[in-house]
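The exercises below ask the reader to work from a structure to a reasoned description of it. Each task is followed by a solution that goes step by step.

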Amino acid sequence: MHLLLLALALILVGGVLPLIVHRWFRLAKLLHLIGVTAGCLTGLVALQAVWRQPETLTTGWSWLGFCPLVLSLDSVTALFLLPVLLVAPVLALYAYHYLDKPAAAWRTAVSALCFSLLVVAMALVTLAGNMVTFAIAWELMSIASWCLVLYDFERAETRRAGTTYFLFTQTGALLILAAFGLVYQATGSLAFDGMAALPAGIKSMVFFLTLAGFGSKAGILPLHIWLPHAHPAAPSHISALLSGVMIKMGIYGIFRIYLLLGDPTPLFPQTILLLGMASGILGVVHALGKHDLKRLLAYSSIENIGIILLGLGLGMLGITVGNRLMAAFGFAGALLHVLNHALFKSLLFLGAGAVLHATGTRQLDQLGGLLRTMPVTGRTFLAGSAAIAGLPPLNGFVSEFLIYYAAFQGLSLGGGNLLLCLFTIVSLALIGGLASACFTKVVGMVFLGEPRTEHARQATEVGPSMRAAMVLLTLACLVIGLWPEPVLRLIFAGLRDMAPLAGITVDALGPIPANLALGARLLLALVLLVALGRRLLYRGKVIGRGPTWGCGYSRPTSRMQYTGASYARSMVEFHRPFVRVRTEAEPLTRIFPAPAVWESRVEDAAEIGLTRGLVEPVLRIAARLHWIQHGRIQLYIAYIVLTIVVLLLTV
Amino acid sequence: MESSLALGIALLLAPVLPGVILKVKALFAGKTGPPLLIRWYTLIKLLRKGSVYSDSTGFVFRLGPVVGCATALLALLFFPFAGFSPLLSFTGDIIVVLYALGLGRFCTVLAALDTASPFEGMGAAREVFFASLAEIGLFVVLILFHRMGGGLSLAGWFAGPQAISLAGPQGALLLLVIVALFLLLLAENSRVPVDDPATHLELTMIHEVMILDHSGPDLALIEFGAHCRLLFSACLVASLLRPPLAAGPLTNGLVFIGLLVLVYATVGVTESITARLRMHLVPKFILTSFALVFFAIILTMELV
């Protein structure tokens, strides 16, 4: 435990030092990188202790005499700490060459401090051992991430995204605090332990309040609206940290509260499964419809949160019906997907950042052909795309396989649970197919074909630290895909401290990890074999070069290529009641037509619904009540006094 | 030994059986048709040639055929032909196979997008859309077979005494599944009425347009992969049709080949007597198979 605290201190030092030495720009960035890396590596060493022996490590202080602060480290915590500690140093490495404007040295240093604060805050969220500690860590995390989103605060779009994020995160925190208040009222203690003894009604209220609160952080549909605005607004390594790691803290919250409540009512898993299906399918459909690279990736995070929820829901359902195997598979799949998604989503955001850095645009339909000029970025992005589409032999497949397996276990149930498992499988299959479509679109439009604009044509490969970061993450994806056994052992060591699955080991999976490894390696071997055969077949052959076959048309231009919008159109329209496709066009009328405009946008029904149903009425009421806000301080004080008097008299 | 032999025969037969489709179509048109081994001749011809590459393409374009062919081969490794135990089998192998085929499609589509041709982009868009729908249909079949006690592996379904087959106790349900799997076969392997492999207009193609720029051995790899995938789909249907004969391996194998010829001939008949669907009707066509199997699952909820 003390080693872990030392690790957090090192990360913080890595955040503070750049502020002091920000005049020496490179030194500041280097110190940040060293601090974060040293801290995270120390943290990973500290986690070793948890994997080895099954015990919960706890430390506590009393703050201000009445606030007990408790940190406790059990195996579930360690499991959620893993992605934080693994991904953060890689992102810091990427930032070394990504933030390359010495003129903005002060801002870079502040961003480094917020980065460190956010990493420490996320670690504290997972470590928090009582409600006060948790609430403080949660707020620290929200505020640090909010500051990071506002990095480019001069742009109005960024400020708007920041405000949206702030509203969502604070409303979510309020809901969580309300739930904690309920618990405190019922148990009279700030400790987490008392939750298991709550009456059933309060348990449900606590679960659903925290589900809404944590769900808004995780980006569960329909509370995801801030995510596609805030994630693209931040610098790319920050987007990677938010999308890859921070939203998982929402998942951690849901999971932790579920474990603490220990209530096997079927209502919880059923809700989680339905939310997972909605987030998964609609997330990927919206991702298909977006033409802004980073916004597309943000929607894809919502999809992956959906997949994680499906795994969690199946695990909870397994506990409800007493099927330990199904529970183990569901939870293991979900938790492995948490780690996997942290790896490949970070990789993809870093790739998007590299593209943005090299071309200055995030619009898919203005890019193209980058694989030739940016070979490392292109190849790593390709691998990340295959991983996020859940294709073997990469890591995304392993976690999706486990979730599938859990769902198939559930097919022996009866009634509504059977139907839920059935639809879970169908949703996973649909999500898989659509994710493939979505990421072939991204890779195809950005990296393949011919450059669509001059910016894309003049792109050059990014700096070595950025390339190294992307290569590291790609290797991690490949290693988990080809050698799933060690990671699965780690995940099961994480499940060990869960009461309903006490004593479970990786042996519960039987030969499955070995078989998955066999399948992945066999696939790789066959591909290499065929590639070798192909090389032999081409020995001594005449290889010609020519233009692409244009079906007889002799003057093709790069603007005639298929666009992302047309690629996705029929797939998006297929899901129409849930997504809106708005097309604006001026028809061609005269014989010699003037330049025409055609615009197509995919709109988020949840966002429109929230604007129409909540924001506009609130604004209307606020406009009516505007006379209350007049700027006279003495009357404001009178309001406060009046409120307190009324409260004292009534409560 | 039997397993390797069966796989070897399957690999030899994969390019022969499409000749059956051509023969049947020729019969309907009152022609003699090409020789039965036409696909083998084409493959050999292509293997002897060199290639022409478009200036727009890079390594992804060369990767597409390799991965496409390798994944199709992987699928056949797990298949229990005629009830012989396959070379490899484990619980969940069918999910691995379906996702590996997905990887093959992923790479083929990327290879098509690498050419910068609008036609290939159009074909790729249609391919991924229809494939994502067909995938749902296949997973519902998985659910049904799992509920019928077949577990989650191809060998568990089709090999051994408990094999799922039309002659088994739940055979009536399988009528629905056979029709559904046949529809999926047509959709996944770009046959009429979803796609027309013999069409002449690039605008209307799906699969064929994606491989317009491939030539020589690359094209041969794609074609061989496509033959293997079609064989895989046809074997799924044929395994369900197998009669419960307690005969020797030779008879079993011959019966199975006979059933495969029947499936391919049915494809030929379908292609001869139906016209292509308009593009916007294809999703409905594919989802019909989903509806059929879903109905079968609802029926098992009563039986179990």
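The model is predicted, and A:Tyr639, with a relative accessible area of 32%, is partly exposed in it.

**Exercise 1. The nonpolar patch**

Identify the residues that make the nonpolar surface patch of about 900 Å², and state which helix gives the most to it.

Step 1. The patch is made by A:Ile621, A:Leu625, A:Trp627, A:Ile628, A:Leu635, A:Tyr639, A:Ile640, A:Ile644 and A:Leu648.

Step 2. Helix α23 of chain A, which covers residues 633-650, gives the most to this patch, with five residues, and A:Tyr639 has its place in that helix.

Step 3. A residue needs over 30% relative accessible area to be taken into a patch, and A:Tyr639, at 32%, is partly exposed.

**Exercise 2. The contact between the two chains**

Describe the contact between chain B and chain A by its residues, its buried area and its polar pairs.

Step 1. On the side of chain B, 74 residues take part in the contact, and on the side of chain A, 70 residues do so.

Step 2. The two chains bury about 6,300 Å² between them, with 76% of that area on carbon and sulfur atoms.

Step 3. Between chain B and chain A there are 22 residue pairs in polar contact, counted where both residues are at pLDDT 80 or more.

Step 4. The elements of chain B that give two or more residues to the side touching chain A are α3 (38-48), β1 (51-54), α4 (59-77), α5 (93-113), α6 (118-150), α10 (216-241) and α12 (282-303); α6(B) gives the most to that side, with 18 residues.

Step 5. The count of salt bridges between chain B and chain A is two, and one of them is formed by B:Asp55 with A:Arg545, whose closest N and O atoms are 3.1 Å apart.

**Exercise 3. Salt bridges within the chains**

Compare the placing of the salt bridge between A:Arg457 and A:Glu454 with that of the salt bridge between B:Glu271 and B:Lys25, and give the accessibility of each partner.

Step 1. Over all chains the count comes to 19 salt bridges, and side chains of opposite charge can pair when their charged atoms come close.

Step 2. A:Arg457 and A:Glu454 meet at 3.3 Å, N to O; both lie in helix α17 of chain A (residues 454-457), three residues apart, which is about one turn of the helix.

Step 3. A:Arg457 counts as partly exposed at 41% relative accessibility, and A:Glu454 is likewise partly exposed, with a relative accessible area of 44%.

Step 4. The side chains of B:Glu271 and B:Lys25 meet at 2.8 Å, N to O, and this pair links distant parts of the chain, 246 residues apart, since B:Glu271 is in helix α11 (residues 249-273) and B:Lys25 in helix α2 (residues 17-29) of chain B.

Step 5. B:Glu271 counts as buried because its relative accessibility is 6%, whereas B:Lys25 is partly exposed, with a relative accessible area of 24%.

Step 6. In addition, salt bridges that share partners join A:Arg582, A:Glu584, A:Glu599, A:Arg601 and A:Glu603 into one network.

**Exercise 4. Backbone geometry**

Find where the cis peptide bonds that lead to A:Pro222 and A:Pro393 are placed, and decide whether B:Ala116 and B:Ser190 are buried or exposed.

Step 1. As background, most residues other than glycine have a negative phi, and most peptide bonds are trans.

Step 2. The bond from A:Leu221 to A:Pro222 is cis, with omega near -5°, and A:Pro222 has its place in the loop between α7 (200-218) and α8 (227-233) of chain A.

Step 3. The bond from A:Pro392 to A:Pro393 is cis, with omega near 5°, and A:Pro393 is found in the loop between α14 (375-388) and α15 (395-409) of chain A.

Step 4. B:Ala116 has a positive phi, near 65°, and lies in the loop between α5 and α6 of chain B; with a relative accessible area of 16%, B:Ala116 is buried.

Step 5. For B:Ser190, phi is positive as well, near 50°, and its place is in the loop between α8 (171-188) and α9 (207-210) of chain B; B:Ser190 counts as buried because its relative accessibility is 10%.

Definitions and conventions: Residues are numbered from 1 along each chain as its sequence is written. Chains are lettered from A and ligands numbered from 1 in the order in which they are written. Side-chain values use heavy atoms; hydrogens and water are left out. Patches are made of residues with over 30% relative accessible area and no salt bridge: like charges are joined within 9 Å, nonpolar side chains (Val, Leu, Ile, Met, Phe, Trp, Tyr) within 5 Å. Accessible areas come from the Shrake-Rupley method with a 1.4 Å probe; for residues, only the protein chains shown count as cover. A salt bridge is a side-chain nitrogen of Lys or Arg within 4 Å of a carboxyl oxygen of Asp or Glu. Helices (H or I, at least four residues) and strands (E, at least two) are DSSP runs, numbered from the N terminus. Buried means under 20% relative accessible area, exposed over 50%, partly exposed in between (1.4 Å probe, protein chains only). Contact means heavy atoms within 4.5 Å. Buried area is the accessible area (1.4 Å probe) that two parts lose on being put together, summed over both. A polar contact is a pair of N or O atoms within 3.5 Å; within protein, one must be able to donate a hydrogen and the other to accept it, and residues adjacent in sequence count only if both atoms are side-chain atoms.
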